[in-house]
Amino acid sequence: MTETVSSLAALLGGRFVGNGALPIVGVADLRMAGADRIGFVRDVKYRDAARSTRLGALIVYEELDTQAAQIVVEDVGLAFAKVALHFHPVPRAKQHSIHPTATVHPEAQLEAPVEIGPNAVLGKVKVGAGTVIMAGAFVGDGTKIGRDCVLYPRVVCYHGLSLGDRVVIHSGAVIGSDGFGYARDGAKWTKVPQLGSVRIDDDVEIGANCTIDRGAIGDTKIGARTKIDNLCHFGHNCVVGEDGAFAGATFVAGSTVFGDRVTMAGHVSIAGHRKIGDDVRIGGNSCVLFDVEEAGDYMGYPLVEKRKWIRLMTAQRDLLELQDQVDELRKAIEQAGGLGSERNDAK
Amino acid sequence: MTETVSSLAALLGGRFVGNGALPIVGVADLRMAGADRIGFVRDVKYRDAARSTRLGALIVYEELDTQAAQIVVEDVGLAFAKVALHFHPVPRAKQHSIHPTATVHPEAQLEAPVEIGPNAVLGKVKVGAGTVIMAGAFVGDGTKIGRDCVLYPRVVCYHGLSLGDRVVIHSGAVIGSDGFGYARDGAKWTKVPQLGSVRIDDDVEIGANCTIDRGAIGDTKIGARTKIDNLCHFGHNCVVGEDGAFAGATFVAGSTVFGDRVTMAGHVSIAGHRKIGDDVRIGGNSCVLFDVEEAGDYMGYPLVEKRKWIRLMTAQRDLLELQDQVDELRKAIEQAGGLGSERNDAK
Amino acid sequence: MTETVSSLAALLGGRFVGNGALPIVGVADLRMAGADRIGFVRDVKYRDAARSTRLGALIVYEELDTQAAQIVVEDVGLAFAKVALHFHPVPRAKQHSIHPTATVHPEAQLEAPVEIGPNAVLGKVKVGAGTVIMAGAFVGDGTKIGRDCVLYPRVVCYHGLSLGDRVVIHSGAVIGSDGFGYARDGAKWTKVPQLGSVRIDDDVEIGANCTIDRGAIGDTKIGARTKIDNLCHFGHNCVVGEDGAFAGATFVAGSTVFGDRVTMAGHVSIAGHRKIGDDVRIGGNSCVLFDVEEAGDYMGYPLVEKRKWIRLMTAQRDLLELQDQVDELRKAIEQAGGLGSERNDAK
């Protein structure tokens with residue numbers, strides 16, 4: 001695919017400076033070389049690197065002193081993402097192909113074109129056009145997958161699930177496994193069959209080796225356009241809103257309900273049956289034990305406003321000194337005769 | 001499968017109220033509809049929902065005002081689990097079938113009936129009757145699997161393991177991978193071969209994408225009826241007792257020994273070479289660095305009695321205020337002439 | 001394979017005591033039996049067990065009172081690892097074999113001998129001699145794997161990666177999945193295509209169900225001889241030095257750079273864009289939010305020197321008592337007339 005500086009400027013709604021006719025065949029890092037590549041400068045601190053770049057073009061936040069052609073935009077990161085996606089689109093099936101080693105149920109409904117990779121196993125499923133199901137993926141009976149989805153190698157979708165359009169699932173993720181439901185029977189556990197499903201809406205992306213359990217009776221739901229990083233877990237009956245972002249290794253126990261546009265930095269742990277409101281943002285390694293209804297930035301364990309957590313961490317680090325100070329005050333008071341047998345009385 | 005209200009009441013040892021002859025074909029949520037379905041009411045707060053339910057029958061904790069037939073039992077949750085399991089039993093092989101794409105070692109001993117799914121790979125194994133090994137699962141040489149087990153798609157069991165009867169393992173779980181054992185050789189690490197195995201007793205269930213490492217020399221053991229949620233890890237030579245429950249993303253380093261009936265809420269982290277006694281229950285997101293021998297509820301990091309942790313969290317949240325109070329006391333004492341150069345002397 | 005006590009002593013550079021001609025066919029635990037097996041005694045506390053051992057030979061730290069032949073060495077653990085590795089070497093392909101159910105791209109370059117297991121799927125790859133790729137593993141186009149590597153069943157290597165020699169990857173690990181990169185576009189996320197790769201150097205071992213994401217533009221790198229336990233995650237563009245050790249469930253966000261010889265105990269969480277210096281060792285369940293440049297032992301959250309963390313944990317456990325003490329001091333001062341309305345003024 002070949003574009004030009006001016007065609008990319010049009011794609012981005014940006015203004016170009018320099019040779020608009022310059023052909024561009026791909027993106028690159030500022031420090032790489034390539035007369036037909038476009039890079040980006042997001043920040044004043046890369047100004048010098050921009051001056052000496054060996055790339056043919058740059059996406060910039062303002063016109064810079066460089067020999068490269070430039071496209072000036074408001075949001076450099078977003079513009080670069082769009083150009084990169086233009087050159088490297090998400091995989092999509094263009095011609096109908098089912099690998100001879102794939103095992104497909106005779107009543108599966110595959111809307112052409114789909115691509116089914118080697119050793120993939122499809123039960124009695126429905127799959128929309130454009131979808132790519134890669135090597136060794138498994139899709140159980142009754143699961144419905146929309147259009148233009150990608151299941152990377154070794155993804156497992158249990159039976160009876162529902163995936164929207166343009167859903168991307170990375171390798172090793174397991175969708176629809178049984179929720180962790182047992183009832184006590186004396187000292188023993190009796191399994192509570194997990195009869196619900198998982199519903200994943202359009203444009204969701206799920207990272208490698210994630211697990212999303214099916215609901216106990218109702219469904220576990222992941223809202224449209226939410227992005228989930230590797231090794232995250234969602235327990236049964238969680239409901240996630242739209243446009244969320246969950247960074248890696250985030251653990252969510254069952255039945256927790258999230259609003260829209262939540263972001264969880266990595267390694268967050270969230271108790272079950274909680275409510276997390278719209279636009280709640282939680283910092284890395286936090287633990288959420290209670291509802292968080294109000295939008296804002298939170299962090300830590302115990303979870304507090306993020307700004308407070310930064311101060312609390314310092315206070316925790318200074319806890320030995322605080323103990324020393326209290327000891328010192330006690331001694332001063334005792335010396336002044338102000339504390340004595342009363343202390344023992346108080347205990 | 002069709003039952004009646006009275007046959008289910010007999011199954012549960014409960015008393016029925018209303019039309020005992022009503023046919024019931026499955027379970028449902030209280031808010032769903034279905035004259036031939038049975039739901040449950042566990043709590044007084046769903047009393048109104050019970051009155052207007054469109055289900056044919058309900059399992060209830062006491063007789064309620066509703067048109068539905070009722071089965072009155074002591075433990076509603078357990079009773080519902082039993083009825084649901086009755087209608088939705090765990091998969092079991094009924095007729096012997098080995099998918100033509102499966103690869104089975106010629107000396108594997110498969111006790112009919114077993115079901116082996118597409119692309120499953122079995123080494124020189126022993127598998128008991130009733131066991132289902134689903135698509136793409138792998139079982140290494142010398143591994144012995146009991147009767148009525150289920151290995152969901154893409155489960156990996158390394159060589160030489162031993163699984164009891166009715167063991168269920170969810171997709172992506174890896175059993176018997178090498179423990180993390182290395183010896184320092186100057187700046188480098190030399191691998192310590194992991195020569196032990198994993199022994200999983202009857203009725204254990206293991207969640208999706210878990211990892212259970214083989215022992216270094218002896219075995220890693222998971223005791224009968226213990227239930228393990230998704231993304232948990234057990235290091236080499238861990239020994240888990242019977243009837244335990246480990247919620248998601250719990251991490252256990254090597255050689256830790258657990259008693260019976262332990263429960264770990266999600267995202268618990270447990271150091272190696274520890275002893276955790278019978279009936280120890282540890283709250284979510286806790287970190288266990290030391291032995292916990294006495295039964296009871298614990299939580300937090302540092303780990304304390306659960307009730308204390310709730311108060312400690314409040315105290316941690318108030319730490320800035322405590323610092324302020326100490327500052328204030330100091331000033332008061334200084335004003336009173338009770339503290340001065342001594343403070344500097346003390347440092 | 002049969003050795004003798006004296007041949008093993010020569011292998012270890014140790015001194016033997018007793019019957020050097022005794023044939024030895026394998027290793028065993030001190031408490032097991034076997035006249036042709038060798039065990040080890042690392043510590044004075046196993047002296048009595050050594051006296052009554054039923055093994056033919058022992059690796060010992062000093063000459064002991066036992067009927068077994070002995071090999072005296074300086075580092076017993078390392079010596080035992082070497083002997084065990086000698087009897088149980090890492091798998092290596094000896095004769096060229098490609099299972100008939102494997103799917104190999106016609107232009108893949110496989111340097112004989114390699115062993116490719118059932119249902120493995122190899123794109124247009126290069127694989128060095130001696131490498132074993134087990135059942136159901138997937139290797140994408142353009143990925144280059146060195147010599148004498150082992151990919152256990154169901155490993156996934158995405159396209160365009162580079163693995164050195166003697167790299168071992170355990171089941172379920174996913175290498176080269178997309179990094180978690182999205183740009184905000186109003187309320188929505190636009191995917192930033194992940195165009196970099198993963199480079200894994202010689203002698204790295206990676207545990208079961210780990211995930212290592214490809215770089216956004218540059219590469220994610222794992223340095224030579226670094227060992228990674230199960231369920232660890234490395235985000236895009238992380239750079240790990242040589243001879244590191246990362247215990248289980250350690251989570252590293254993107255772009256963090258590690259020096260050489262770092263060790264992370266289990267369940268450590270590390271923020272993105274951090275620098276961790278050579279010889280930094282971090283205790284279990286710690287959270288690293290800031291750079292840690294100086295070598296040493298650290299632990300906790302907030303992260304402090306390990307020795308300090310032990311004391312801080314005690315102080316945290318005593319926080320309620322500290323609050324009580326402060327209350328008591330306040331009362332004493334108030335009784336002495338030293339604090340009063342001022343307090344309210346200060347607020």
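Let's start with two strands of chain C: strand 37 (residues 280-282) and strand 39 (residues 296-299) pair in the parallel sense over 3 bridges. Helices (H or I, at least four residues) and strands (E, at least two) are DSSP runs, numbered from the N terminus, and two strands pair if DSSP finds at least two bridges between them. Opposite Ile282(C), in strand 39 of chain C, you will find Tyr298(C).

A quick note on what is on the screen. This is a predicted model, where local features need pLDDT of at least 70, side-chain atom pairs count only at pLDDT 80 or more, and totals for chains, interfaces and linings use all residues. Residues are numbered from 1 along each chain as its sequence is written, while chains are lettered from A and ligands numbered from 1 in the order in which they are written.

Back to strand 39 of chain C. With strand 40 (residues 304-305) of chain C, strand 39 runs antiparallel, joined by 2 bridges. Met299(C) has Val304(C) as its bridge partner in strand 40 of chain C. The hairpin of these two strands has 4 residues between them, and there Gly300(C) takes a positive phi near 95 degrees.

Now over to chain B. Here 10 strands form an open sheet with parallel pairing, in the order 9-12-15-18-21-26-29-32-35-38. Strand 9 (103-104) and strand 38 (287-288) of chain B each have a single partner strand, so one side of each is left without a neighbour in the sheet. Within chain B, strand 15 (residues 138-139) and strand 18 (residues 156-157) are a parallel pair over 2 bridges, and Phe138(B) stands opposite Val156(B) in strand 18.

How do chains B and C relate? A turn of 120 degrees and a shift of 0.0 Å along the axis lay chain C on chain B with an RMSD of 0.1 Å. That is the relation of a three-fold axis. The superposition is by least squares on the C-alpha atoms of residues with pLDDT of at least 70 in both copies.

And where do they touch? Their contact takes 51 residues from chain C and 52 residues from chain B, two residues being in contact if their C-beta atoms, placed from the backbone, lie within 7 Å. On the chain C side, helix 5 gives the most, with 7 residues. Only 20% of the interface residues of chain C are also interface residues in chain B, so the copies meet through different surfaces.

Last stop, chain A: domain 1 (3-87) and domain 2 (97-307), with bounds from an automatic or database domain assignment. Their centres, taken over C-alpha atoms, are 36 Å apart.
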